[in-house]
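Got a minute to look over a model? Here's a quick briefing to read alongside it.

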Amino acid sequence: MTTKKLKWGIMGCAGIAKRAVIPGLHLSNLNEAAAIASRDGEKAKKTAEDLNIPVAYSSYEALLADDSIDVVYIPLPNHLHWEWTIRAAEAGKHILCEKPLALTEKEADEMAEAAAKAGVLLSEAFMYRYHPRYEMIKKIIDEGQIGEVRGIRSAFTFNNAGHKENVRYRKDWGGGSIYDVGCYPINAARLLLGKEPEAVTVQALFSPEHDDVDMMASGLVEFEGSVSLTFDCGMWAAFRNPLEVLGTEGLIEVPSAYLSNEPGLANFYVSTKDGRKEIEVPFMNTYTEQADHLARAITGGQPLQFGASDALKNMKVIDACLLSARERTRITL
């Protein structure tokens with residue numbers, strides 16, 4: 001029995017699309033990368049040839065006008081997410097939009113409304129959460145294997161500061177470390193706790209060399225029950241992406257919490273009174289899993305686990321974090 005694959009249109013030739021999302025689509029049995037668009041027609045054509053994509057368009061409008069395209073993936077700079085998500089929804093396309101979904105909660109709300117009005121699905125591209133290890137970790141927490149949760153600690157940092165022409169260093173384009181990587185610990189804490197934060201406090205390094213975006217930030221995100229996420233994120237620091245969940249009776253350690261692109265990298269550790277145990281989990285392409293989950297939701301095979309409402313809640317926390325960092329004060333949600 002064969003199933004018709006959903007046809008995806010890629011809006012832009014961003015690095016994340018070329019090195020991760022498109023290869024993930026090529027591995028899928030439910031999806032295919034059918035077209036790519038760029039405002040630079042030659043760039044779109046070259047990318048299409050390099051990545052075995054059948055059709056290249058020289059405008060985003062042309063991609064949206066293609067009736068054969070079922071889903072649009074939007075990896076454009078952050079300030080363009082709002083416009084092109086709404087235009088894609090109005091064109092009747094389902095949408096996977098890169099994180100952060102928008103620049104503000106208000107923008108995200110308008111995007112969610114547009115998708116709902118058009119009857120299409122909108123999801124934010126946090127690929128990490130489609131690996132089954134997060135269901136495993138949540139089960140360990142929910143079963144009380146580490147006792148009561150006392151706190152979560154996480155980080156996501158890398159050093160790209162020398163590439164000052166990068167879109168991450170354009171303030172008006174939605175640059176900065178909180179938007180780019182701080183969103184991951186925030187998202188993961190919400191996922192694992194199954195709750196929304198009550199308040200945030202963030203301190204950040206704003207760099208005049210990088211258009212005054214936050215190059216490093218450290219934050220406290222408060223949840224009910226006196227449980228907090230402590231996180232740091234940065235684009236001018238050594239690379240790391242760990243996560244820890246501390247309980248009264250044990251500890252969960254995830255050395256590579258958001259990236260699992262090599263065999264063994266997704267493994268994590270659980271410490272209890274019986275000792276410390278490595279939990280081995282299978283290697284899988286989380287970009288393929290992300291696309292397949294959306295495909296099954298589109299075709300009615302399963303509910304969409306992370307839709308626009310989840311993205312809207314994450315943006316509310318990001319808004320508060322950025323405001324706290326700028327004003328050097330605690331923000332109540």
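What follows covers one helix, the core and a pocket. Keep in mind that this is a predicted model. Helix H8 (residues 286-298) is largely enclosed by the rest of the structure, because ten of its 13 residues are buried. The largest nonpolar core has 113 residues, and the largest pocket has a volume of about 1300 Å³.

**Helix H8**
- At 1.5 Å a residue, the 13 residues of H8 should span 18 Å, and the end C-alpha atoms are indeed 18 Å apart.
- The buried residues of H8 include Tyr-287, Gln-290, Asp-292, His-293 and Leu-294.
- Among the elements covering those buried residues are strands S1 (6-11), S2 (31-37) and S4 (71-74), along with helix H1 (15-26).
- At the N-terminal end of H8, Asn-285 acts as a cap, with a side-chain oxygen 2.9 Å from the backbone nitrogen of Tyr-287.
- Just after H8 comes Gly-300, with a positive phi of about 85°.

**Nonpolar core**
- Trp-8, Met-11, Leu-243, Val-245, Ile-252, Tyr-258 and Phe-268 touch the most other members of the largest core.
- Helix H7 (residues 177-193) gives the most to this core: eleven residues.
- Leaving aside residues up to four places away in sequence, Met-11 touches residues including Ala-37, Tyr-60, Leu-63, Ile-74 and Trp-84.

**Largest pocket**
- Of the 48 lining residues, Gly-15, Ile-16, Arg-19, Arg-168 and Asp-180 are the closest to the pocket's centre.
- H1 supplies the largest share of the lining, five residues.
- H1, strand S7 (149-159), H7 and H8 each supply at least two lining residues.

Key: Residues are numbered from 1 along each chain as its sequence is written. This is a predicted model: local features need pLDDT of at least 70, side-chain atom pairs count only at pLDDT 80 or more; totals for chains, interfaces and linings use all residues. Side-chain values use heavy atoms; hydrogens and water are left out. A nonpolar core is a set of buried Ala, Val, Leu, Ile, Met, Phe, Trp, Tyr and Cys residues joined through side-chain atoms within 4.5 Å. Buried means under 20% relative accessible area, exposed over 50%, partly exposed in between (1.4 Å probe, protein chains only). Helices (H or I, at least four residues) and strands (E, at least two) are DSSP runs, numbered from the N terminus. Contact means heavy atoms within 4.5 Å. The expected span of a helix is 1.5 Å times one less than its number of residues. A polar contact is a pair of N or O atoms within 3.5 Å; within protein, one must be able to donate a hydrogen and the other to accept it, and residues adjacent in sequence count only if both atoms are side-chain atoms. On a 1 Å grid over the protein atoms alone, a cavity is a set of points where a 1.4 Å probe fits but cannot get out, and a pocket is an open set with protein on both sides within 12 Å along at least five of seven lines; lining residues have an atom within 4 Å of a point. Grid points are joined across faces, edges and corners, and a volume is the space filled by probe spheres set on the points.
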